[in-house]
Amino acid sequence: MSAPDGGARAPEGAAALAGGATAQQRERATTIFEKGAPGRRAFVAPQLDVPHVDGLIPEQLRRAAPPLLPEASEPEIVRHYVNLSKRNFDLDSGFYPLGSCTMKHNPRLHERVAALAGHARLHPLQDPRRAQGALELMFNLQQALAQIAGLPHVSLQPSAGSHGELAGVLLTRAYHADRGQQRTKVLTPDSAHGTNPATVTMAGYEVVKVGLDAAGGVDVEDLRAKADDSVACLMLTNPSTLGIFDPNIEQIAEIVHGAGATLYYDGANLNAIMGYSRPGDMGFDIVHFNLHKTFTQPHGGGGPGAGPIAVSERIEPYLPRPQVVRREPSAPNGASRLVGGPPTFDLDHERGGPDTKSIGKLRGFQGNYGVFVRTYAYIRSLGAEGLKDVSEVAVLNANYLLARLGERVGDRLPLAFGERCMHEFVLSGAPLKKELGIRTLDLAKRLLDHGMHPPTVYFPLVVDEALLIEPTETETRETLDAFADAIAAIVAEAAEDPEIARNAPYTTPVRRLDEAGAAKRPRVRETISA
Ligand SMILES: Cc1ncc(COP(=O)(O)O)c(C=O)c1O
């Protein structure tokens, strides 16, 4: 076998093909409880230097025996966790072109800034008067996001893209309710991200699918037929998850608004349009951002995120509260705390007053503040022109990779729609399945042996054997070429012997898993014996 960066890792014999264990599996992953020895310690606390007092903890709350905790030395602990971390694939060690997930490089500068004690140690219950810097940062971030979205008002409350979606649909409901209307349906196109219909259902609406036209955009005639006064909203992402910008967006906005509904923009990924076009200008009323994508900090597999929303004037009265606000010293209602001084920043828990139309609080405290800091650092360090460059290079990289793959394997992995793409593109593995007998999943698994994370597979659902590829702007031309080489090598190898891809991967800590089973029925308990 060769190294991950040295080309394909070929299996060495029938055992590998038969799904035998990898070297790391043979080593067996032991838990920290199985390491160490009784009495071994990493840290010994100093002797008590205050009087010992008996009975502070009531007898019935005391343990009969000490808990069974691991007893290990510091080097054992460090090695254990460092080795565990190496069993993961991560963006810092390899290419991660996970379409729709925007796994772009996370600049180290952001980490330094977010780790400053004033940020990292800020307590969520800190009095706003003693957290002026943090509130000012959040206020400025709201302003910057409003400019990027082209919509005047922003709330930082939602904590994920899907949470932003929920906030947006609840705002839509509040907007219609305020007009005495009980609308029951939300439209989503066939290419929608799975969280869109899930959100709609969670918010108590019926999901109604809108078809796609031949170019992969919204089927305008189907939309026209379905947009009636029972429809509360159309949720759309543009460019869509097919990587296509819908040129009919103004007509779509007209139809939706003509039916009295709101237009919701799933702005999880703004990488193709930042600085070029704005959802507000396209006619959208509500937008959510995934700060943990467009603004770096990708979090494959979970982790802290943030899904702020931006809204138009007509939706503003319903925004969640509290809102981060700036109070001018000369505020006529006497709200300023420092009259005559500089502006102050605050959390407006009372926005809208006693007759507020706000949908209320969406979460405890103010969200994942570290994500705000990194996002703000990103926006400020790049500036308006830099953000535009991001979009330009993201689209250029995607089209470059699309062209390279077209040259190498275009007949076996054709582009699903159109000829070019925005920041991502969808290939169909249908010919590969028909002609070589390997599926998109096999191709994806074999990519792991080339030291690369596979693209998103089997999404969007409208494409047979889909591969959704998003290289992002932070990858070099050499990396994109290496990816095209790896795909071409896998296809050529499958033409010779499809069994190799069907049994892949061979070099990862584990072979093929029942991934759905692992997510749905995780085994998280293990009996520990003394
Ligand atoms: C297009 C799109 N919408 C919404 C979401 C949901 O975002 P989150 O995972 O933060 O809930 C994603 C996330 O992958 C997405 O790609």
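Two strands pair if DSSP finds at least two bridges between them, and strands themselves are DSSP runs (E, at least two residues), as helices are runs of H or I of at least four residues, numbered from the N terminus. The structure is a predicted model, in which local features need pLDDT of at least 70, side-chain atom pairs count only at pLDDT 80 or more, and totals for chains, interfaces and linings use all residues. Residues are numbered from 1 along each chain as its sequence is written.

**Exercise 1.** Work out how β11 is joined to β12, and which strands stand at the edges of their sheet.

*Solution.* Begin with the pair itself: β11 and strand β12 (residues 466-469) run antiparallel and are joined by two bridges. Within this pairing, T456 stands opposite L468 of β12. Next, place the pair in its sheet, which is open, has three strands in the order β10-β12-β11 and shows antiparallel pairing. The edge strands are therefore to be read as β10 (425-428) and β11 (456-457), each of which pairs on one side only.

**Exercise 2.** Trace the order of the seven-stranded sheet and find its edges.

*Solution.* The sheet is open, with mixed pairing and the order β1-β7-β6-β5-β4-β2-β3. Because β1 (153-155) and β3 (206-210) each have a single partner strand, one side of each is left without a neighbour in the sheet. From one strand to the next, the twist averages 25 degrees. At one edge, β1 pairs with strand β7 (residues 309-311) in the antiparallel sense over three bridges, and V154 has A310 of β7 as its bridge partner. For β3, the pairing with β2 is parallel and runs over five bridges, with V186 opposite V207 of β3. Four of the five residues of β2 are buried, where buried means that 20 or more other C-beta atoms, placed from the backbone, lie within 10 Å of a residue's own.

**Exercise 3.** Describe how α6 meets α13, and by which residues.

*Solution.* The axes of α6 (residues 132-149) and α13 (residues 369-409) come within 10 Å and cross at roughly 60 degrees, the axes being lines fitted to C-alpha atoms over the stretch in contact, with angles from 0 to 180 degrees between N-to-C directions. That makes α6 oblique to α13, a term for angles that are not under 35, over 145 or 65 to 115 degrees. The contact (C-beta atoms, placed from the backbone, within 7 Å) involves residues including L137 and L141 of α6 and F372 and Y376 of α13.

Definitions and conventions
Contact = placed C-beta atoms within 7 Å. Buried ≥ 20, exposed ≤ 12 C-beta atoms within 10 Å, placed from the backbone.
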